[in-house]
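New to this one? Take a look at the sequence and the model first, and then we'll walk through it together.

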Amino acid sequence: MSLEDWQIPFEPRLYWTTYFDKQNEVEIGLFATFLMDNLQKSFEERSIKGSMIDVGSGPTIHTLMTASGHCDVIVCSDFTLASREELQLWVNKDKNALDWTPYFEYVSKIEGKRNPLQIEEDVRSKITSIVHCDVRQNKVIGTAERYDVVLSSLALSAATNNLPDLLRCLENVSHLVKPGGYFILFTFIGKKPGYPIGDVIHISALVNEAAVCDKLQELKFDILQKERLPWPEQDMPDREDSGEFLFILSQLSNN
């Protein structure tokens, strides 16, 4: 069964409105701050630098903000053309681009080095390309290029509907990591498959933490950091599912 056979068409603007549009609220979502806090910790404590690819970016850029202060090259990628077009609107400073101002302000606060405008310009200048990706393929971006940092946030489970396929996708994405490089995985461990965007439930795989960690170790990754966040009800109070977000920082062996 191909991805197109079962996946409902993805609407990036509705996805952003559902999970990220916090302009009229006091705080941005706790799951987003949890991710950004751990990215800040990982990049700072490990002195991570070099080239980075974000696999399955969707229309989002909050995952790139800390990285823009450490990496000299950032590649965004997504399966859907609509998401890639949203990213390009933002890079081009289009008047209709999504507004990430609260997220730049948050990263500036936790970082304590760059002001929000500096971070915004760093992200924009470090993005060298926005490419098509398909995590179900052995060559995820169609080439054998490798990166110092590979990040995937809430993407692998959304591209599959069962755990064996998810683990195969994980292995495919791992091929993008240089020896000695880092693989950062952010995912949701729920009790029901699927995630809501507006009134529509999108199919996704149920993630098993032990299986994911075992697979990473099988692929010669050392798990350096693992953090969990229980589902913050205030972010999505109508969600019937419960579970937790999982952040994993791993490093590929040089051998």
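The protein exposes about 11600 Å² of surface, with carbon and sulfur atoms supplying 48% of that area. Bear in mind that this is a predicted model. Here's a quick tour, topic by topic.

**Overall make-up**
- You're looking at 255 residues in the protein, and buried ones make up 56% of them.
- The secondary structure comes to 8 helices and 9 strands.
- Take the contacts between residues at least 6 apart in sequence: 75% of them join residues at least 24 apart.

**How confident the prediction is**
- The average pLDDT for the protein is 88, and 86% of the residues score at least 70.
- Go carefully with residues 1-6, where pLDDT stays under 50.
- For that stretch, residues 1-6, the model has 14 contacts beyond four places in sequence.

**The sheet**
- An open sheet is built from 7 strands, and if you read across it the order is β3-β2-β1-β4-β5-β9-β8.
- The pairing in this sheet is mixed. In general, strands of a sheet pair through backbone hydrogen bonds, and they can do that either parallel or antiparallel.
- At the edges sit β3 (127-132) and β8 (221-230), each of which pairs on one side only.
- Going from one strand to the next, the twist averages 15°.
- Want to zoom in on one pair? Strand β5 (residues 177-190) and strand β9 (residues 243-252) run antiparallel to each other, paired over 9 bridges.
- Within that pair, isoleucine 184 has leucine 249 in β9 as its bridge partner.

**Helices against the sheet**
- Helix α4 (residues 81-91) packs on the sheet, where it touches β2 and β3. The direction of α4 makes about 165° with that of β3.
- Helix α3 lies across β1 (50-55), β2 (71-78), β4 (147-153), β5, β8 and β9.
- Relative to β8, helix α3 runs at about 150°.

**A residue to find: phenylalanine 31**
- Look for phenylalanine 31 in helix α3, which covers residues 30-46.
- Is phenylalanine 31 buried or exposed? Its relative accessible area is 5%, which is under the 20% cut-off, so phenylalanine 31 counts as buried.
- Try following the chain from phenylalanine 31 to leucine 229: they are 198 residues apart in sequence, yet in space the C-alpha to C-alpha distance is 7.4 Å.

Terms used: Residues are numbered from 1 along each chain as its sequence is written. This is a predicted model: local features need pLDDT of at least 70, side-chain atom pairs count only at pLDDT 80 or more; totals for chains, interfaces and linings use all residues. Side-chain values use heavy atoms; hydrogens and water are left out. pLDDT is the predictor's confidence in each residue, from 0 to 100. Contact means heavy atoms within 4.5 Å. Helices (H or I, at least four residues) and strands (E, at least two) are DSSP runs, numbered from the N terminus. Buried means under 20% relative accessible area, exposed over 50%, partly exposed in between (1.4 Å probe, protein chains only). Accessible areas come from the Shrake-Rupley method with a 1.4 Å probe; for residues, only the protein chains shown count as cover. Two strands pair if DSSP finds at least two bridges between them. Axes are lines fitted to C-alpha atoms, for helices over the stretch in contact, and angles run from 0 to 180 degrees between N-to-C directions.
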